[in-house]
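This briefing concerns side-chain contacts and surface character. The structure is shown first, and the notes that follow are grouped by topic.

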Amino acid sequence: MKISELELHTGVSRHTLRYYEKQGLLQEVSRRDNNYRDYPEQAVQRVHMVRQLKDLGFSLKEIGDVLDALRKDTLDCAQGALLMAQKRAVVDEKIAELKSLRQMLENEQKRLERSAAQQNQIENARPQARSIASNRLSVAKASRPIRIAPCKT
């Protein structure tokens, strides 16, 4: 199967397929007389497995190790279960870190919201203080007698 066919069957770009081959994840690739890559039918399942393991959080190095063990038929169910348990432990640790980060972000958001509310109260109080002061000034001016010219005695 040509790389374009594998691309259609897997939804993975030809650039990524070449990268997987370069990384040793797709080793079953042969070359035709015209030097085009020739992928076996099994490559479709390999690519799907790589994508699934990536979705589970495995690095390409870890995926390569799993695929090598599968090729050599040295990976049994107990080892697979252990591998999944180890990856799950890493995921649980990341979840705990993310929950802690989420709590810190929530606390900071609340602190900033309180600060913004206090700042708005202060800013809203300033125009009222100015209008009260100007009203007092107007009242004070109105209660004084108006003098246009100096008084003669």
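The model is predicted. A nonpolar patch of about 420 Å² lies on its surface, and Leu98, Leu101, Met104 and Leu105 make up this patch. The structure also contains 11 salt bridges, whereas a search of the whole structure returns 0 aromatic pairs.

**Nonpolar surface patch**

- The residues that form the patch of about 420 Å² are three leucines, Leu98, Leu101 and Leu105, together with Met104.
- Met104 is located in helix α5, which covers residues 77-143.
- Met104 counts as exposed because its relative accessibility is 53%, and the cut-off for that class is over 50%.

**Aromatic rings**

- No pairing of aromatic rings is found, the count for the whole structure being 0.
- The ring of Phe58 nevertheless has a charged neighbour: Lys87 lies over its face, at 5.0 Å from the ring centre.

**Salt bridge between Arg14 and Glu7**

- Among the 11 salt bridges of the structure is one between the side chains of Arg14 and Glu7, with an N to O distance of 2.9 Å.
- Arg14 has a relative accessibility of 29% and therefore counts as partly exposed.
- Glu7, at 22% relative accessibility, is likewise classed as partly exposed, since buried means under 20%.

**Salt bridge between Arg37 and Glu21**

- The side chains of Arg37 and Glu21 form a salt bridge, with N to O at 2.5 Å.
- This pair connects distant parts of the chain, with Arg37 in strand β2 (residues 37-38) and Glu21 in helix α2 (residues 14-22), 16 residues apart.
- Arg37 counts as partly exposed because its relative accessibility is 21%, and the limit for a buried residue is under 20%.

**Salt bridge within helix α4**

- Lys61 and Asp65 are joined by a salt bridge in which the closest N and O atoms are 3.3 Å apart.
- Both residues of the Asp65 and Lys61 pair belong to helix α4 (residues 60-71), where a separation of 4 residues amounts to about one turn of the helix.
- Asp65 is partly exposed, given its relative accessibility of 40%.
- Lys61, by contrast, is exposed, with a relative accessible area of 59%.

**Salt-bridge network**

- Glu28, Arg46, Asp68 and Arg71 are joined into one network by salt bridges that share partners.

Definitions and conventions
Residues numbered from 1 in each chain as written. Predicted model: local features only at pLDDT ≥ 70, side-chain atom pairs only at ≥ 80, totals over all residues. Heavy atoms only, no water. Phe/Tyr/Trp six-rings, centres within 6.5 Å; stacked < 30°, edge-to-face > 60°. Lys NZ or Arg CZ within 6 Å of the ring centre and 35° of its normal. Patch = residues over 30% accessible without salt bridge, like charges linked within 9 Å, V, L, I, M, F, W, Y side chains within 5 Å. Areas by Shrake-Rupley, 256 points an atom, 1.4 Å probe, with all protein chains shown as cover. Salt bridge = Lys/Arg side-chain N within 4 Å of Asp/Glu carboxyl O. Helix = DSSP H or I, 4+ residues; strand = E, 2+ residues; numbered from the N terminus. Buried < 20%, exposed > 50% of the residue type's maximum accessible area, 1.4 Å probe, protein only.
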